[in-house]
Amino acid sequence: DVDMPRMDGIDLVRQIRGDDRLRALPVMIVSYKDRAQDRQLGLEAGADFYLGKSSFHDRGLLAAVVDYGFEQYLEAKRARVPSEDPVTDLREGWDAHVEFALAHKSFYRLMYSTSTTASPTAGAEAFRLLERTLERCATAGRLRVTPVVGARMVMSANVGVALMLITRPENFDDPELSHRVRDAVHARILYDGAPTHSAVAP
């Protein structure tokens with residue numbers, strides 16, 4: 001909250017962000033102060049989210065958590081420096097996706113839950129980052145399908161595997177499952193070996 005005894009919420013957030021031990025903690029301000037300038041002040045202080053009490057409810061809270069989860073995922077994706085081999089980047093991107101899911105199981109379940117609405121912008125950005133990698137594969141003559149078709153195939157399979165590993169570990173306990181599915185999907189959309197041509201199937 002913003003209004004608290006001895007120290008207000010804005011100062012508390014600043015202290016959290018200034019402490020090396022605490023700076024990485026996600027922080028959400030929930031306050032009756034709901035003006036645009038109040039929100040801006042809280043976010044500039046370092047809060048990840050600012051929710052007004054008048055609009056605070058379960059769905060609003062879940063949406064904020066989902067947004068935070070997607071932002072953490074996208075932050076790692078944005079930070080990745082492309083290599084000279086787009087196929088290697090595609091493989092590593094799959095593995096990084098599964099690693100993120102296993103390291104943030106609760107966030108990941110909410111991010112892809114049918115009971116919550118994920119941020120369209122975040123979802124679109126994740127898809128676009130994958131599509132760019134596949135566009136590089138196409139330029140290198142390695143892609144059998146269009147980048148958009150390849151992105152749909154890879155993302156749906158990647159998310160599906162990650163969710164099964166998290167929600168059904170008793171049935172999906174093969175440590176090589178993710179790599180097996182990854183390689184099967186990549187075999188369907190990529191040409192083997194050296195580049196062949198830059199044309200792709202419709």
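Which residues does L134 touch, not counting residues up to four places away in sequence? In this predicted model, L134 touches L90, L143, P147, G150, A151 and I189 once those sequence neighbours are set aside. The surroundings of this residue are taken up again below, after a description of the chain as a whole.

The chain contains 8 helices and 2 strands, and these elements follow one another along the sequence in the pattern α-β-α-β-α-α-α-α-α-α. Of its 202 residues, 38% count as buried, and the accessible surface comes to about 11,700 Å², of which 55% belongs to carbon and sulfur atoms. Among the contacts with a separation of 6 or more, 65% are accounted for by residues that stand 24 or more positions apart.

The largest nonpolar core comprises 33 residues, and the members that touch the most other members are Y108, L130, L134, L143, I189 and L190. Two or more residues are given to this core by each of α3, α4, α5 (105–111), α6, α7 and α8 (177–189), with the largest share, 10 residues, coming from α7. L134 thus appears among the members with the most such partners, and two others of that group, L143 and I189, are among the residues that L134 itself touches. A second core, separate from the one just described, consists of 7 residues, including I10, I16, V27 and A45.

The largest pocket has a volume of about 440 Å³. Its lining is made up of 21 residues, of which K77, R80, L129, L130 and T133 lie nearest the centre of the pocket. The elements that give two or more residues to this lining are α3 (58–79), α4 (86–103), α6 (120–139) and α7 (147–167). By class, the lining has 10 nonpolar, 4 polar and 7 charged residues. L130 is named in both settings, as one of the residues nearest the centre of the largest pocket and as one of the members of the largest nonpolar core that touch the most other members.

Helix α4 holds two residues whose surroundings can be described in detail, and the earlier of these is G93. At 10% relative accessibility, G93 counts as buried, because the cut-off for that class is under 20% relative accessible area. Leaving aside neighbours within four places in sequence, G93 is in contact with K77, R80 and N158, and K77 and R80 also belong to the residues that lie nearest the centre of the largest pocket. L129, another residue of that central group, is 36 residues from G93 in sequence, while the C-alpha atoms of G93 and L129 are 9.9 Å apart in space.

N158, the remaining partner of G93 in that list, is found in helix α7 and is buried, with a relative accessible area of 5%. Apart from neighbours within four places in sequence, N158 is in contact with G93, W94, H97, V98 and Y108. Y108 is in turn one of the residues of the largest nonpolar core that touch the most other members.

D95 is likewise found in helix α4. With a relative accessible area of 19%, D95 is buried, since this value falls under the 20% cut-off. When residues up to four places away in sequence are not counted, D95 touches H179 and R182.

Notes:
Residues are numbered from 1 along each chain as its sequence is written. This is a predicted model: local features need pLDDT of at least 70, side-chain atom pairs count only at pLDDT 80 or more; totals for chains, interfaces and linings use all residues. Side-chain values use heavy atoms; hydrogens and water are left out. On a 1 Å grid over the protein atoms alone, a cavity is a set of points where a 1.4 Å probe fits but cannot get out, and a pocket is an open set with protein on both sides within 12 Å along at least five of seven lines; lining residues have an atom within 4 Å of a point. Grid points are joined across faces, edges and corners, and a volume is the space filled by probe spheres set on the points. Helices (H or I, at least four residues) and strands (E, at least two) are DSSP runs, numbered from the N terminus. Ala, Val, Leu, Ile, Met, Phe, Trp, Tyr, Cys and Pro count as nonpolar, Asp, Glu, Lys and Arg as charged, and the others, Gly among them, as polar. Buried means under 20% relative accessible area, exposed over 50%, partly exposed in between (1.4 Å probe, protein chains only). Contact means heavy atoms within 4.5 Å. A nonpolar core is a set of buried Ala, Val, Leu, Ile, Met, Phe, Trp, Tyr and Cys residues joined through side-chain atoms within 4.5 Å. Accessible areas come from the Shrake-Rupley method with a 1.4 Å probe; for residues, only the protein chains shown count as cover.
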